Amino acid sequence: MRGGWRWAGALVAASLVWMGGCSDGGDGTDNPGVVDPPVDPDIGKPVDPSPDAGTSPDGGTRPDGGTRPDGGTQPDAGTPDAGTPDAGTPDAGLPPPVILPPPTTEGWTFYGANEGGPKEVHGVTADEAGNIWVAGGEEGLFVLRPGATSFQRFTMTEGLRPYGYLPDGSNPPGPYYLKVISVAGGPGNTVFVGYEGLPGAKNCEDNWDQAGQADPSVYKSGDADKVTLKPDGTLDVVHYDIFSGPGVVAAEPQGRERLCNILKIAYDKRTHSVWFGGNHGFARGDARFQGNPACNGQHVCAGVTEHVHPAINAYVYSHKKEDEKLYPNDPSKWRVKGALLTDAYYGVAVDPSGDAWFGGSDRSTRFRYMTATGTANYWRAQSMTEDSQYAWNRFDIWPDSLPETHMTRPEQRTPDNVSAISVAPNGTVWVGSASNGLAQLTSEGSVVRTFKTELVDRKGYVSAVAADPLDNSVWAGARWGSGLTRVKDNTVMHYGAAVFGVDLAMYRVSDIQVDTSGSRRRILVGFLGYERSDKRWVAGTVGIYTGN
């Protein structure tokens, strides 16, 4: 089905599919047991000039196996609908999308293809000037200005840059692929935009490390932009090239390129931070960055510090298909190999303290950017997320049967599959899962309560979450249709077919964000779009809630 989430760098559905090589467990055997701390192929952290730098990870391997958070198999990363990726209009030659009449629901306003919006709404946000920005997938970036009745569209022709720079500041070879998959509002008339890397057989996460086969058109694809709307309607674009250049990471002196699919973004005005959640891990950007194409990934000029992950060492199946035939009812006999589990950081949120929260396929963390030392300290926060003595800061919200000190087999784990995180002004943390429902956490990561059968989708397939600053309630969107759930104190409210009508309730909720630019908050909801039984695509829409 078109338009589904592409769980990037490895994933799309009820668990995970990992790409890359693996090794056995930390004890050198194929048997579960107590092992050394998790290890990572990115051995070593960036060279830190400060005396408070954390130690480097203990070594490691790449994951390879498992299932995905939405129940799928391989990511839908084939050739784009119109052939070779470029800046053109996608789906050339296909019938136009179906545009459904918007619901007439009290407290809600809807904007979609009738107002010039995209066929697919992957994300929706607002900047401090009240502009509404939409991630329109392969159609690009869209903006609805205050008072306007139609969207304005931007593509690579207008300056969007879904690819980085070569060491001398020049452009990598094509083809160039545009797919806007995430947005976060920034200062007035500014939005931070996340891209998907070039799809296809060459995975953008692993391509850099393929000796003799590294292709800059692949490993330089994706990443993020800071986009500013100028008074004349044109754009000023600054690209965040999310990688570490030569000599930055001690154990990888040639440089490091892993994050390419920027799945979720959060902006923190107080700390001038742009937090990027991606495939494999997460990173920080400087919101004041003005660009430097020839920087070549050096910390003094890159505007980016990367990357971190609350990873765990575990077993994955090494011969699943063959063993499934031999032992169809006994997964405990299937062969396994060791892997570092880290991927799909869809959960990104700013904490009132200036810290940030991140959640991925297997673990979540409070990245203690401000509170670790009382001032901004990326390196100390990295240590407190990754190092073995800080296992307490790697949260297993839907617990595995054994703690991370054991090499668990797949059947012993419950992937968290975090799809979204939001922090309320009172410090309450809300976490959505693509497979497990909704959880409320304390500011230190302890689970207060969980919701699953109480949600509008009783199977607990949550795709988006936003805490409402007006009353500390929380909104949760359903991944496979059904609508929205709102939890306010001890009351659970459903916004489904009875409220919106059957048509809108069919949509996947792709994003929920809060616009606080005006005197009264607005809840922004992205409805992705979907494929009907007759194979016609139903165009996405944006819902804006201004009720109580």
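How many nonpolar, polar and charged residues are in the lining of the largest pocket? By class, the lining has 21 nonpolar, 7 polar and 10 charged residues. Here Ala, Val, Leu, Ile, Met, Phe, Trp, Tyr, Cys and Pro count as nonpolar, Asp, Glu, Lys and Arg as charged, and the others, Gly among them, as polar.

Before we go further, a word on what you are looking at. This is a predicted model, in which local features need pLDDT of at least 70 and side-chain atom pairs count only at pLDDT 80 or more, while totals for chains, interfaces and linings use all residues. Residues are numbered from 1 along each chain as its sequence is written, and side-chain values use heavy atoms, with hydrogens and water left out.

Let's start with the whole chain. It holds 5 helices and 32 strands; helices (H or I, at least four residues) and strands (E, at least two) are DSSP runs, numbered from the N terminus. Of the 548 residues, 59% are buried. Buried means under 20% relative accessible area, exposed over 50%, and partly exposed in between, using a 1.4 Å probe and protein chains only. Among contacts (heavy atoms within 4.5 Å) between residues at least 6 apart in sequence, 61% join residues at least 24 apart.

Now back to the pocket. The largest pocket encloses about 1,000 Å³ of space. Of its 38 lining residues, Ala 266, Tyr 267, Val 350, Gln 513 and Val 514 are the closest to its centre. Several strands give two or more residues to this lining, among them β10 (262–268), β16 (347–350) and β28 (509–515). For the terms: on a 1 Å grid over the protein atoms alone, a pocket is an open set of points where a 1.4 Å probe fits, with protein on both sides within 12 Å along at least five of seven lines, and lining residues have an atom within 4 Å of a point. Grid points are joined across faces, edges and corners, and the volume is the space filled by probe spheres set on the points.

Strand β28 also takes us to the largest nonpolar core, since β1 (108–112), β24, β28 and β29 (522–527) each give two or more residues to this core. A nonpolar core is a set of buried Ala, Val, Leu, Ile, Met, Phe, Trp, Tyr and Cys residues joined through side-chain atoms within 4.5 Å. β29 gives the most, with 3 residues. Of the 19 members, those touching the most other members are Trp 108, Trp 475, Leu 484, Phe 500, Ile 512, Val 525 and Phe 527. Not counting residues up to four places away in sequence, Val 525 touches Trp 108, Val 124, Leu 484, Val 509, Asp 511, Ile 512, Thr 541, Val 542 and Gly 543. A second, separate core has 17 residues, including Phe 154, Leu 178, Val 193 and Tyr 195.

The helices are worth a visit too. In α3 (residues 378–386), 8 of the 9 residues are buried, including Trp 379 and Met 384. Their cover includes β12 (282–286), β13 (304–308), β18 (364–367) and β19 (394–395). At the start of α3, a side-chain oxygen of Asn 377 comes within 3.2 Å of the backbone nitrogen of Trp 379. In helix α2 (residues 320–326) you will find Asp 323, which counts as buried because its relative accessible area is 2%. Asp 323 and Trp 334 are 11 residues apart in sequence, yet 5.2 Å apart in space, C-alpha to C-alpha.

Finally, look at the backbone. Most residues other than glycine have a negative phi, and most peptide bonds are trans. A cis peptide bond joins Gly 174 and Pro 175, with omega about 5°, and Pro 175 is in the loop between β5 (152–154) and β6. Another cis peptide bond joins Glu 306 and His 307, with omega about -15°; His 307 belongs to strand β13.

Positive phi values appear at His 280, about 75°, and at Asp 489, about 60°. His 280 sits in the loop between β11 (273–278) and β12 and is buried, because its relative accessibility is 1%. Asp 489 sits in the loop between β26 (484–488) and β27 (491–495) and is exposed, because its relative accessibility is 58%.

Note on methods:
A polar contact is a pair of N or O atoms within 3.5 Å; within protein, one must be able to donate a hydrogen and the other to accept it, and residues adjacent in sequence count only if both atoms are side-chain atoms.
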